[in-house]
Amino acid sequence: MTALRALALALLAACALAPLAAAQDAYPSRPITIVAPFPPGGVADLHARPLAAAMEKVLKNPVAVVNKTGAAGAVGMQFVATSRPDGYTLLLALSSISIIPEADRLFGRQPAFTVDQFEPIALLSADPTILVVRAESPWKTAREFIEDARKRPGQISFSSSGVYGTLHMAMELLSSAAGIKMRHVPYGGAGPAITAILGGHVDALASGPAAVVAHIQSGKLRPLATWGDRRLASMPDLPTFKELGYPDAEFYIWAGLFAPKGVPEPALAKLRDAVRAAVKEPEFTGAMEKMQTPIAFKQGEEFRKFFDADARRLADGVRRVGRIEEKK
Amino acid sequence: MLETFHNLYLGFAVALAPSVLLYAFVGCLIGTVVGVLPGVGPLAGISLLLPATFGLDATRAIVMLAGIYYGAMYGGSTTSILMRIPGEAASVMTCIDGYAMARRGRAGPALAVAAVGSYLAGTVSIVALMFLAPPLASFALRFGPPEYFALLLLGLLVLAYMSSGSMVRSLAMAALGLLLGMVGIDQMTGYFRFAYGVVELGDGIGVVPVAVGLFGISEILATAGQARPPEVLKPRLRELLPSRREWRESFGAIWRGTGLGFLIGIIPGSAHVISSFVSYAVERRLSRTPEAFGKGAVAGVAGPESANNAATSGAFVPMLALGVPSGPIPAVMLAAMMVHGVTPGPLLINQQPALFWGFIASMYVGNVVLLILNLPLVGLFVNLLRVPYPLLYPGIIVFCVLGVYAVNSSVVDVWIMVAMGLLGYVLRKLDFEPAPIVLGLILAPMIEMSLRQSLAMSDGHYAVFLTRPIAATLLAVGLVLVLLSLRPLVTRTLDWRTRLAMVEKGEEL
Amino acid sequence: MWTTDRVAGGVLALVGLVVLEETWRLGLPLGTLHNPGPGYTPVVLSLILLGFGAAVAALGGGAQGMRTVEWTEWRHAVAILGACAFAALALERIGFRLTMAVILAFLVGVVERKPLLLTAVFTAVFSLGAFFLFDTMLRVPLPRGPLGF
């Protein structure tokens, strides 16, 4: 037994000395982890992996991606928010980062995390959502759609990736801007939501363009308008809701890199430079091109302004939606 | 028709190219290893290796990922049979009769039947996929929330056939499982239910930790401390292959499982998990010896395993024909295609014939590869059982913890596994069956969600279930089945359960 | 008097009651039949569980008596469960390899009382080997301890 006891003591000693060993080496000296809070194959994941590959090249240091999924992203986001701010744990967040704490507050819950627990590093892409309806439906333009929705409140149904999710909030912003009321059928993710409209079970859907472009091309779905502030390069005939007179209906599914607040400035600076270089690397640009997602790189003040405005819009939207139960 | 064969020929030309073949083989190998590991199922395997495929071209990448998917399905049955640890949710039913067969020294035949059944099911469903993909996919798309609800209600009926003991006890277990399924975020309103501040429970109690804990860990807890260690049976080579009787019994099960699994698999959503449960119930209902189920009936292994594999191929139908993600795994495959610049969608078959037909051909190839990989490995795996139990079970525990953790990188899952292990142990002692808990856990959130979605679609009118033809038909079928099972009460003929009980008591029929 | 069915049925019915109480305490809205809220299904299911638990207990007179249930291996079971619980606690704190090493050493060396050399070799090979196979070769990210090991 003494041998085992010695082994146990040695282990305990190692654990005790561990913090000392996390030395003040030049950053980065260990593998960096980018946490993607969504399942593999999703938008976050498809941004994180090429970015990690490009950053690895730039920093000459291993960068790995870990999927920590759950609770519409809350698990992964909370994990990074509470992790050690040493610059080795980063978060690839989608716009839902502003929604989740607001939703928590709505329900009177202790928020899983708050937005100010994060330090924004860079915005990578900002895909505006587009409104699609089935090809067989009678609305040929966005105006017809909105008019019809006004005439028949609560009759037109739309699917979404989940309640208070990105696709739901996009429709919410439109509904409150245009003064219409639609019937919401939540699904468990963007994939099922797209399947639902293809199967004819709902009438409309707000979606990122890349996910539905194939169905638009094959003639199954018809795009009506976009939530961006300017027209899409890939679909120049699509009016923006701003043009149609609803400037508040602005929504992007954006992806950005964050770190927990408190990371020392030298590490932050290195990260910012690394990301700036990484988004030009072919690993990243090639992947984004294949996914038909335009790169919209923003850093520093620009990103902060964008982020704050977006967060404010979404927080208002969530509060307007209120608790679904109380409306009925 | 001719065109299909011509295309298939092209497809084989692509698939049998040495480099593509290599990737199919590597995929199958990795898939088998991943599948043998408890917990880490095909989804985790594919997602982890997705980045490794970035450097490859589309065909090779897809072929490798599909190989991983199939391999994991094959590998999952190995641990289920040998150690009563379900590789993933779909292998839970194989644990029951497969492990019982292993204890009787028939591990080899069980593994062989599983492998052959999977191969036949896979091949036949690929043929169906080839010829029927587009029309089947359109049909499958018509399954919306009301149809889903009706189908899942039918799935609940399966519970009646899951255990040999008293009906009331298995229903109580099912009720417990259903209630466990209520934990998590309510997807219709955003309320956190019964999560008590643990964010990881937002998506509910995972099926994998529950299955691994209830079956695998509890088995270890019950066996490890026994004064007499479990007999290590040393089978001879001849005993590694199934007997004539066993082949005969599995024959019908394999074909029925294939049909059932494929049909359930094409429906978008996660319904294909229940294909193995439904197959088990059907086999038991149709069998002449229902009392053998639970104690090592070969049909109880052949049916679910075939259904499993057929559902896997079925899941590809909407994905390939329409570009619709019919579940989390096809969604990852679609993403893989997008990353490689292939736009999935209804035009895929026409725009990328090399990819589509090469994929189909590689599935054939993959099935053959896996059969070749698995059959000789049967002997190897069975020899694993020879390792003395006191050394074997700590190793199994390490792999269980590893597998359960790796699914979501979550320690909460490990805790759930521990709790379920304890629960499973206690249930064994008190003579309750754990399988209904797993089924209830899977079905509850899906049934609730589809009911509320249906009501959301119809603005609260329950008539929606009757006005939609498919939903109404399914509900009618369910009603007929329930009435049929109540028939014995009316006509006073002996129900199979009563007969079973009488046989067990040794009475005259 | 105390048969397995009575005990089990009683516990299940109790669980049903607890869930009912929790649903009420957490304030989950029930909604209506035409628009069920988050509390609706849990209430229905817990009532069903309550019903079946009570039924099992009521019909459970003929089951095995509690006294005849054998718990002979409970010490072993507790040790194994303890090891698994330790794994859950330590996995992300001291890393995969160390945690597994401790568990294996405990189970093989202490619980099963195998000779020291065999324990040491088995432990080392297994914990390092499993890590190598899955983390390094298959790229399944497994936790490392604070030292990066």
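This short presentation describes the three chains of the structure above, the two sheets of chain A, and the contacts that chain B makes.

Good morning, colleagues. Please bear in mind throughout that this is a predicted model.

I shall begin with the chains one at a time. Chain A contains 12 helices and 11 strands. Its C-alpha atoms occupy a box of roughly 80 × 45 × 35 Å along the principal axes. For 328 residues, a compact globule would be expected to have a radius of gyration near 20 Å, and the 22 Å found for chain A agrees with that.

Chain B has 21 helices and two strands. The box filled by its C-alpha atoms is roughly 65 × 60 × 50 Å, again along the principal axes. With 509 residues, a compact globule would come to a radius of gyration near 23 Å; chain B, at 22 Å, agrees.

Chain C has five helices and zero strands, and its pattern along the sequence is accordingly written α-α-α-α-α. What radius of gyration does chain C have, beside that of a compact globule of 149 residues? The globule would have a value near 15 Å, but chain C has 24 Å. The C-alpha atoms of chain C fill a box of roughly 60 × 45 × 25 Å, taken along the principal axes.

Let me now turn to the sheets of chain A. One is an open sheet of six strands with mixed pairing, in the order E2-E1-E3-E10-E4-E11. Why do E2 and E11 of chain A each have one side without a neighbour in the sheet? Both stand at the edges with a single partner strand each, so one side of each is left free of a neighbour there. From one strand to the next, the twist averages 25°.

Within this sheet, I would draw attention to one pair of strands. Strand E3 of chain A, residues 89-94, and strand E10 of chain A, residues 252-260, run antiparallel and are joined by four bridges. Here Ala93(A) has Gly256(A) of E10(A) opposite it. A helix also lies across this region: helix H9 of chain A, residues 265-278, crosses E4, E10 and E11 of chain A, and runs at about 20° to E4(A).

The other sheet of chain A is open as well, with five strands in the order E7-E6-E8-E5-E9 and mixed pairing. Its edges are E7 and strand E9 (221-226) of chain A; each has a single partner strand, so one side of each lacks a neighbour in the sheet. Direction ignored, neighbouring strands are turned by 30° against each other on average.

In this five-stranded sheet, two bridges join strand E6 of chain A, residues 157-160, to strand E8 of chain A, residues 204-207, and these two run parallel. Phe158(A) has Ala204(A) as its bridge partner in E8(A). Which helix of chain B packs on this sheet? Helix H18 of chain B, residues 435-457, does so, touching E6 and E7 of chain A, with its direction at about 160° to that of E7(A).

That brings us to the contacts between chains. Between chains A and B, 44 residues of chain A are in contact with 43 residues of chain B. Several elements of chain A each supply at least two residues to this side, among them helix H2 (43-59), strand E7 (183-186) and helix H8 (209-217). The largest share, five residues, comes from H7(A). By class, the side of chain A that touches chain B has 21 nonpolar, 17 polar and six charged residues.

Between chains B and C, the contact takes 51 residues from chain B and 52 residues from chain C. On the side of chain C, helices H1 (4-25), H2 (40-58), H3 (74-94), H4 (96-111) and H5 (116-137) each supply at least two residues. Which helix of chain C gives the most to the side that touches chain B? That is H3(C), with 11 residues. The residues on this side of chain C divide into 36 nonpolar, nine polar and seven charged.

I shall close with one helix of chain B. Helix H10 of chain B, residues 244-266, has 23 residues; at 1.5 Å a residue it should span 33 Å, and its end C-alpha atoms are indeed 33 Å apart. H10(B) nevertheless bends by about 30° at Ser250(B).

Thank you for your attention.

How values were computed
Residues are numbered from 1 along each chain as its sequence is written. Chains are lettered from A and ligands numbered from 1 in the order in which they are written. This is a predicted model: local features need pLDDT of at least 70, side-chain atom pairs count only at pLDDT 80 or more; totals for chains, interfaces and linings use all residues. Two residues are in contact if their C-beta atoms, placed from the backbone, lie within 7 Å. Ala, Val, Leu, Ile, Met, Phe, Trp, Tyr, Cys and Pro count as nonpolar, Asp, Glu, Lys and Arg as charged, and the others, Gly among them, as polar. Two strands pair if DSSP finds at least two bridges between them. Axes are lines fitted to C-alpha atoms, for helices over the stretch in contact, and angles run from 0 to 180 degrees between N-to-C directions. The expected span of a helix is 1.5 Å times one less than its number of residues. The bend at a residue is the angle between axes fitted to the seven residues ending there and the seven starting there. The radius of gyration is taken over C-alpha atoms; the globule rule is 2.2 Å times the number of residues to the power 0.38.
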